[in-house]
Amino acid sequence: MPRTLRVRKTILPFPPGPLDGRVSTPLRCLVALCALLASLATPSPAQAPAGPAVSDWRRGGVCYEVFVRSFYDSDGDGVGDLRGLTRKLDYINDGDPGSQRDLGAGCIWLMPVARSPSYHGYDVTNYYEVNREYGTNEDFRELVAQAHRRGIRVVVDLVLNHMSSEHPYFKSALLDPASPYRDWFHWSPTQRQTRGWSVPTWHKAPTRDEYYYGLFWHGMPDLNLANPAVTAEAQRIARFWLEEMDVDGFRLDAVGHFFEHDGDPRNGPGTYPWLRDFQAYVQRVKPGAFTVGEVWDSMGAVLRYYPDQLESYFAFEVSDALLDAVRSGSRHRLVAAVERVQRELPPGRWASFQRNHDQTRTLTQLQGDLARARLAASLLLTLPGLPFVYYGEEIGMTGDKPDPRLRTPMHWARGRAAGFTRGTPWEPLRPDSLTANVEAQDGDPASLLNHYRWLIHLRAAHPALGSSGEFVPLDAADDAVMGYLRRGEGRTVLVLANLGDRRLSAVALSSAGAILPPGRYVARPLPHGGSGAPLRVRADGRLSGWSPVPTLEPFETRILELARRD
């Protein structure tokens, strides 16, 4: 991300030289000013960026979600840490555009890394200090520096809906009715009911006859974001991470629950102006910083968070439709979901994903079917949106509720503890760690890991496949055929997928309207081209009964670029 330039008030001495004493004061000032501007425009070796430019990473980028506790343990205590993640950055992106031994992700999203009494970190006790099990603030800064050298942007989970019941501010409010932090939280003399919640959300205070509001758990009291003091603190926290820790943006947790309204904790009217002001503040502190919000709700609800609040939000509806397409063998729900997103949301400002840390992992959802898992990855990484990949999905890790079993240690090798630690892992590994691991798949061209690597690098190399490239669905007689064009920056890519479990021959594609300029084309396989299927588009610009490939195997995806021949 571009850095904010801070210029202090400085007296500009006229540089010594043969003209000293023989020029006018205005000229002296002009020369000095030019010298300053030249020094700012040409960074010194110490100032020069060590990695690739970061200005347009969203267009073809992919973000990789990491749970630090489960990624890699550097000191043998069984808990993943920041130094361990730093050692494994080359796996995510080695900074070499010519290499495809890395995943090629341009961004990492770190689940909470601030101090917390829990394993997951979503109940923060100190927003300004890294979890001591993960390391120190200096370890975090070194991680960010090493990531930036490789062209990786660092996005951190920012938890502002609630804090830990162990936080000093809540303890003060709990013990002292006159505490300055009393109005930082929500209180009631009776236990109230929260609409749509089957479990209690108002919890009995241990100190007096009253209740406090904690939507997710009694250990996470909700913050009163309507209090200007709370908002000011949220802004100070954001500034600290942007400036002192040099992060590139935030994933904001549970933004759909920031404001309760008439007993309903979802999408309260106070949410939208608050997020609008917070986004503006983030951009003032660090122009270009990335923000993505969690609103686990219908697309209709998510639409109210645009156009001028956070930069983007996760498209849960598209995620569900993607897995439904892979399981059911029918394209219709997924096509409708992507078309709606494209029609109603600003281009490039939504985040796609398969699964995250709160959801049953893809391969478990698909009952261990690796062919369907490859298909799901192909769809995710060729559809619009900024894709997020949850760590371990690329090697087919499994996982189901309860939550700790969704967040088990990463499988690096075949040996003891799957190469995650020299000690005892904080959470037992999954039974498939001997096969679903990086070492076993690294050298296998047909592995799921190498399929992800290929797709992520392909997406980065072809502007049409990026987050804001246009999505144009195509018609086919068979519901199992999902064909679509991706268009952007003068390039057109055809994606053709067989969602079903039977071989298809001579699949014919058509379009409802004009989609291409008239002329002759050839559809060449990506990434290396070669001979391809000819296509002639008539004067009306439509496709009609075109078969770009002779056959499609079950769950197979073909990706081809359309090139003009005249």
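**Exercise 1. A turn between two strands**

In the hairpin of β15 and β16, which residue takes a positive phi? Find the residue, then follow the strands on either side of the turn.

*Solution.* Please keep in mind that this is a predicted model.

- Step 1: Go to the hairpin, where 2 residues sit between β15 and β16. There, E489 has a positive phi near 55 degrees.
- Step 2: Look at the strands themselves. β15 covers residues 481-488 and runs antiparallel to β16, with 8 bridges joining the pair. One example is M482, whose bridge partner in β16 is A497.
- Step 3: Now turn to the pairing of β16 with β21 (residues 557-564), which is antiparallel as well and has 6 bridges. Here L496 has R558 of β21 as its bridge partner.
- Step 4: Check how covered β16 is. Of the 8 residues in this strand (491-498), 7 are buried.

**Exercise 2. Reading an open sheet**

In what order do the 8 strands of the open sheet lie, and is their pairing parallel or antiparallel? Work out the order, then name the edges.

*Solution.* A reminder may help before you start: strands of a sheet pair through backbone hydrogen bonds, either parallel or antiparallel.

- Step 1: Trace the strands across the sheet. The order is β11-β10-β9-β5-β2-β1-β13-β12, and the pairing is parallel.
- Step 2: Pick out the edges. β11 (312-313) and β12 (351-353) pair on one side only, and that makes them the edge strands.
- Step 3: Zoom in on one edge. β12 is joined to β13 (residues 386-390) by 3 bridges, and the two strands run parallel. Within this pair, A351 has L386 as its bridge partner in β13.
- Step 4: Add a helix to the picture. α9 (residues 271-285) lies across β5 (153-158), β9 (249-252), β10 (290-293) and β11. The helix runs at about 160 degrees to β9.

**Exercise 3. Unusual backbone spots**

Which residues does a cis peptide bond join at P402 and at P527? Locate these bonds, then look for positive phi values away from the hairpin.

*Solution.*

- Step 1: Start at P402, which is joined to K401 by a cis peptide bond with omega of about 5 degrees. P402 belongs to the loop between β13 and α15 (438-442).
- Step 2: Move along to P527. The cis bond here comes from L526, and omega is about 10 degrees. The loop that holds P527 connects β18 (519-525) and β19 (533-537).
- Step 3: Now check phi at Q367. This residue is not a glycine, yet phi is positive, at about 55 degrees. Q367 is found in the loop between α13 (362-365) and α14 (370-380).
- Step 4: Is Q367 buried or exposed? Exposed means over 50% relative accessible area. Q367 reaches 76% relative accessibility, so this residue counts as exposed.
- Step 5: Finish with A506, another residue that is not a glycine but has a positive phi, of about 45 degrees. A506 sits in the loop between β17 (504-505) and β18.

**Exercise 4. Empty space inside**

How many cavities of 30 Å³ or more does the structure hold? Describe the lining of each.

*Solution.*

- Step 1: Count them: there are 2.
- Step 2: Take the largest cavity, with a volume of about 90 Å³. Its lining includes P112, Y127, D157 and W241. β5 contributes the most, with 3 residues.
- Step 3: Sort that lining by class. The largest cavity has 9 nonpolar residues, no polar ones and 1 charged.
- Step 4: Go on to the second largest cavity, which holds about 40 Å³ of space. Among the residues lining this cavity are Q354, E393, M397 and Y452. α13 and α16 are the elements that give two or more residues to this lining.
- Step 5: Sort again. The second largest cavity is lined by 5 nonpolar, 3 polar and 1 charged residues.

**Exercise 5. An open pocket**

Which helix gives the most to the lining of the second largest pocket? Build up a description of the pocket around your answer.

*Solution.*

- Step 1: Note the volume, about 620 Å³.
- Step 2: Find the centre. Out of 29 lining residues, W57, G60, G104, R153 and A460 lie nearest to the centre.
- Step 3: Look at the helices. α2 (57-60) and α16 (448-461) each supply at least two lining residues, and α16 gives the most, with 5.
- Step 4: Sort the pocket lining by class: 10 residues are nonpolar, 10 polar and 9 charged.

Key
Residues numbered from 1 in each chain as written. Predicted model: local features only at pLDDT ≥ 70, side-chain atom pairs only at ≥ 80, totals over all residues. Heavy atoms only, no water. 1 Å grid on protein atoms, 1.4 Å probe; cavity = no way out; pocket = protein on both sides within 12 Å on 5 of 7 lines; lining within 4 Å. Points joined across faces, edges and corners; volume = space filled by probe spheres on them. Helix = DSSP H or I, 4+ residues; strand = E, 2+ residues; numbered from the N terminus. Nonpolar A, V, L, I, M, F, W, Y, C, P; charged D, E, K, R; others polar. Pairing = 2+ DSSP bridges. Contact = heavy atoms within 4.5 Å. Axes fitted to C-alpha atoms, helices over the stretch in contact; angles between N-to-C directions. Buried < 20%, exposed > 50% of the residue type's maximum accessible area, 1.4 Å probe, protein only.
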